[in-house]
Amino acid sequence: PPQGSLLYLDALGAAFPRALALRGTALLHWSPGCPSAPAGWPLPTLYCTPAAAGALPSRAAALRLQLLFALRQRALHVLEAGLAAELHDALLALRTEWPQLAQELALGRLSPQHGLPEGVRDQLQALLTPDAARAAELRAECAHGFEGIVLRLWPQLEVVVVRTAHGVERLYLDSLCQADCQGLPFYCPFYRAAGALLGINLWPVEPAPRFLLCPDWAFCEFLPCLASKEPRTVLLDELWEGREYGLVVTAHPGEYRCCVVLGACLPQLHAPISPSHPPCPCRCRTGEVLKVTGFHKQCPMVEPVRRESQTLSVRGESIPEEQFCQSLCRTLRMWPGARLIDYVCVESSLLGDSSGPSAPHYEVFMELQGLRDLSEGQRYKLDQCLQEDFPIYKSFRFKGSIGPLRLHLVRPGTFTQLREALGSPVPMPRVLHKEQLLQLIQGSVIS
């Protein structure tokens, strides 16, 4: 709804007075075949990046071109990305391709690249002019390293806006805050689920995002997480602060992309949820779990805490993604010099015969910086941490019902390719459920 964009722009402008300057915002967001801004509507006077760049079929080409046009504009006030991973990957391209980017700035000419159709290339080429001074500045700053590079390249930058920055997506933000984006605040303005805009963060300067659920944007119901075997949904005015709820969204057919999980289509308002009812195209569980953190003018403020579809479970043990990530980060501290770039998990049932005759287990694929290999003892540390953090997992491991976790290292750039293979700009999955994606990640294992 346009109200979301208006509220976002009002909050942004109030907190950062120069944020709405003419063409003072650069956008890093892949929207294949559909040029649009994360703000929810086209704002041609706000953005300095051409819409055609984000609509390319190739994610890597789209982010690289948007980065190039952002580099042309030294007087940026806002750097905006649709997803935290998009900002991460665009700045990774800066680290690896800055000499070529500087040359393109200096010559005012795009280099031929994979994923850039000739017609679009000509259209974007017409917008470029040679800028030797800016190219020289880019070379000088990159030659000094990449710590704090964003603020050095754009000294007037006030804020980094990221549409999705909650949950395990914060893995990328934490990495950026410690290196490329040092000294900059982050603002996550929107909460979306099942393709619908449901909430807005009206407090840009607060470090932890809180989303105000707006009652007339979509019809939402909530399933108490500690409910009985036949839970009944509650409405906005029945929520309690501090409690967690599963999110149920009702939308007009075809308006939003509803994601039905666990066969849980909902037959009628306030009715028990049962998988026995026929599929309903309008009312469904999104798989999102929210925590009510407070109220603003009687409207609830929520914090997304987990995605049910990203829970690990081979024997009903149910390890949520954010708690698995905490165990993984605790393990990392036992590997001196290691820095986590990215990771993904697979349940052994997806592996089929390739998993061997062992009991059901998890397989974890990681990209690390600072370590080229891990000993068997180091790999076992993750399984050990999971046993310490989850008694039910430890019980299954002791009985042999769950086999030992297997950990694999993958080559650099693997997760950038994985996000390209997802085919659309969605938050990074932490548990893979598709064989195609599994084959891609297995083909990149180096240890």
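**Close-up 1. Helix H4 (residues 84-107) of this predicted model bends by about 85° at Glu97.** Look a little further along for a proline: Pro99 follows within four residues of the bend. Just after H4 comes Gly108, whose phi is positive, at about 65°.

**Close-up 2. An open sheet is built from three strands in the order E12-E13-E14.** The pairing here is mixed. Strand E12 (339-347) and strand E14 (406-409) each have a single partner strand and stand at the edges, so one side of each is left without a neighbour in the sheet. From one strand to the next, the twist averages 25°.

**Close-up 3. Here we zoom in on E12 and strand E13 (residues 362-369), which pair in the antiparallel sense.** Eight bridges link E12 and E13. To find your bearings, start at Arg339, which stands opposite Gln369 in E13. Helix H9 (residues 321-332) packs on the sheet, where it touches both E12 and E13. The direction of H9 makes about 130° with that of E12.

**Close-up 4. The loop between strand E10 (283-296) and strand E11 (299-307) holds Lys297, and Gln298 is found there as well.** Lys297 is not a glycine, yet its phi is positive, at about 50°. Gln298, also a residue other than glycine, has a positive phi near 75°. Are these side-by-side loop residues buried or exposed? Lys297 has a relative accessibility of 74%, and since exposed means over 50%, it counts as exposed. Gln298 is exposed too, with a relative accessible area of 75%.

Key: Residues numbered from 1 in each chain as written. Predicted model: local features only at pLDDT ≥ 70, side-chain atom pairs only at ≥ 80, totals over all residues. Heavy atoms only, no water. Pairing = 2+ DSSP bridges. Helix = DSSP H or I, 4+ residues; strand = E, 2+ residues; numbered from the N terminus. Axes fitted to C-alpha atoms, helices over the stretch in contact; angles between N-to-C directions. Contact = heavy atoms within 4.5 Å. Bend = angle between axes of the 7 residues up to and from the residue. Buried < 20%, exposed > 50% of the residue type's maximum accessible area, 1.4 Å probe, protein only.
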